[in-house]
Amino acid sequence: MDDRNLMQDILLLEKGVCDLYMHGAIESSTQSINQTFKTALNDSLCMQDDIYKKMESKGWYQTEQAGQDKIDTLKQKFSNMQ
């Protein structure tokens with residue numbers, strides 16, 4: 001397994017952890033538990049961002065700039081849902 005695949009796996013795992021923490025916060029029964037999940041979620045989101053930035057700097061995670069026409073189309077789509 002090369003570094004790129006390893007980082008992709010780590011990023012996917014971190015995204016999964018974020019999802020679990022988010023659901024824990026939503027379903028928590030007390031304010032204390034809710035805050036604990038929110039803190040853990042925030043920490044995990046920061047780790048996910050660090051992993052993404054590292055992958056992007058190595059050219060392993062490419063993003064596409066959305067054109068204004070795509071943005072306008074999505075705005076229109078979601079404004080019609082309200």
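A helix, as I use the word here, is a DSSP run of H or I over at least four residues, and a strand is a run of E over at least two, both numbered from the N terminus. With that settled, the secondary structure of this protein comes to three helices and zero strands. Starting at the N terminus, the order of the elements is α-α-α. Please keep in mind throughout that this is a predicted model.

Overall form comes next. The radius of gyration is 17 Å, and the globule rule gives 12 Å for 82 residues, so the protein is more spread out than a compact globule. Along the principal axes, the C-alpha atoms fill a box of roughly 45 × 45 × 15 Å. Of the 82 residues, 18% are buried. The accessible surface is about 6,500 Å², and carbon and sulfur atoms hold 55% of that. As for contacts, take those with a separation of 6 or more: residues 24 or more positions apart account for 56% of them.

Now helix 1, which covers residues 3–27. Does the distance between its ends fit its length, or what should we expect? What span should 25 residues give at 1.5 Å a residue? The expected span is 36 Å, and the end C-alpha atoms of helix 1 are 36 Å apart, which agrees. Six positions in helix 1 are listed as buried: M7, L11, E14, C18, G24 and A25. Helix 2 is among the parts that cover those buried residues.

On to the aromatic residues. There are two aromatic pairs in the structure. Take Y21 and F37: the ring centres are 6.3 Å apart and the planes stand at 55°, so this pair is tilted. Because Y21 belongs to helix 1 and F37 to helix 2, the pair ties together parts that are 16 residues apart in sequence. Y21 is partly exposed at 27% relative accessibility, and F37 is partly exposed, also with a value of 27%.

The other pair is Y52 with Y61. Their ring centres lie 4.9 Å apart with the planes at 85°, so the pair is edge-to-face. The cut-off matters for that label, because planes over 60 degrees apart count as edge-to-face. Y52 is buried, at 19% relative accessible area. That value sits just on the buried side, because buried means under 20%. Its partner Y61 is partly exposed, at 27%.

Salt bridges are next, and the structure holds two of them. In one, the side chains of K53 and D49 meet, with 3.0 Å from N to O. How many residues apart are K53 and D49 in helix 2? They are four residues apart, and helix 2 runs over residues 31–57, so the two are separated by about one helical turn. Both partners are partly exposed: K53 has a relative accessible area of 48%, and D49 has 29%.

The other salt bridge joins K70 and E64, whose closest N and O atoms are 3.1 Å apart. Is E64 buried or exposed? E64 is exposed, with a relative accessible area of 65%. K70 is partly exposed, at 46%.

K70 also gives us a distance across the model. N42 is placed in helix 2, and it is partly exposed at 44% relative accessible area. N42 and K70 are 28 residues apart in sequence, and their C-alpha atoms are 30 Å apart in space.

One more distance of that kind involves G59. Where is G59 placed? G59 is in the loop between helix 2 and helix 3, the latter being residues 68–79. At 33% relative accessibility, G59 is partly exposed. G59 and I71 are twelve residues apart along the chain, and 25 Å separates their C-alpha atoms.

To recap, we have a predicted model of three helices and zero strands. The protein is more spread out than a compact globule. Two salt bridges and two aromatic pairs are present, and the pair of Y21 and F37 ties together helix 1 and helix 2. That is the end of my part.

Definitions and conventions. Residues numbered from 1 in each chain as written. Predicted model: local features only at pLDDT ≥ 70, side-chain atom pairs only at ≥ 80, totals over all residues. Heavy atoms only, no water. Salt bridge = Lys/Arg side-chain N within 4 Å of Asp/Glu carboxyl O. Buried < 20%, exposed > 50% of the residue type's maximum accessible area, 1.4 Å probe, protein only. Expected span 1.5 Å × (residues − 1). Contact = heavy atoms within 4.5 Å. Phe/Tyr/Trp six-rings, centres within 6.5 Å; stacked < 30°, edge-to-face > 60°. Rg over C-alpha atoms; globule rule 2.2 N^0.38 Å. Areas by Shrake-Rupley, 256 points an atom, 1.4 Å probe, with all protein chains shown as cover.
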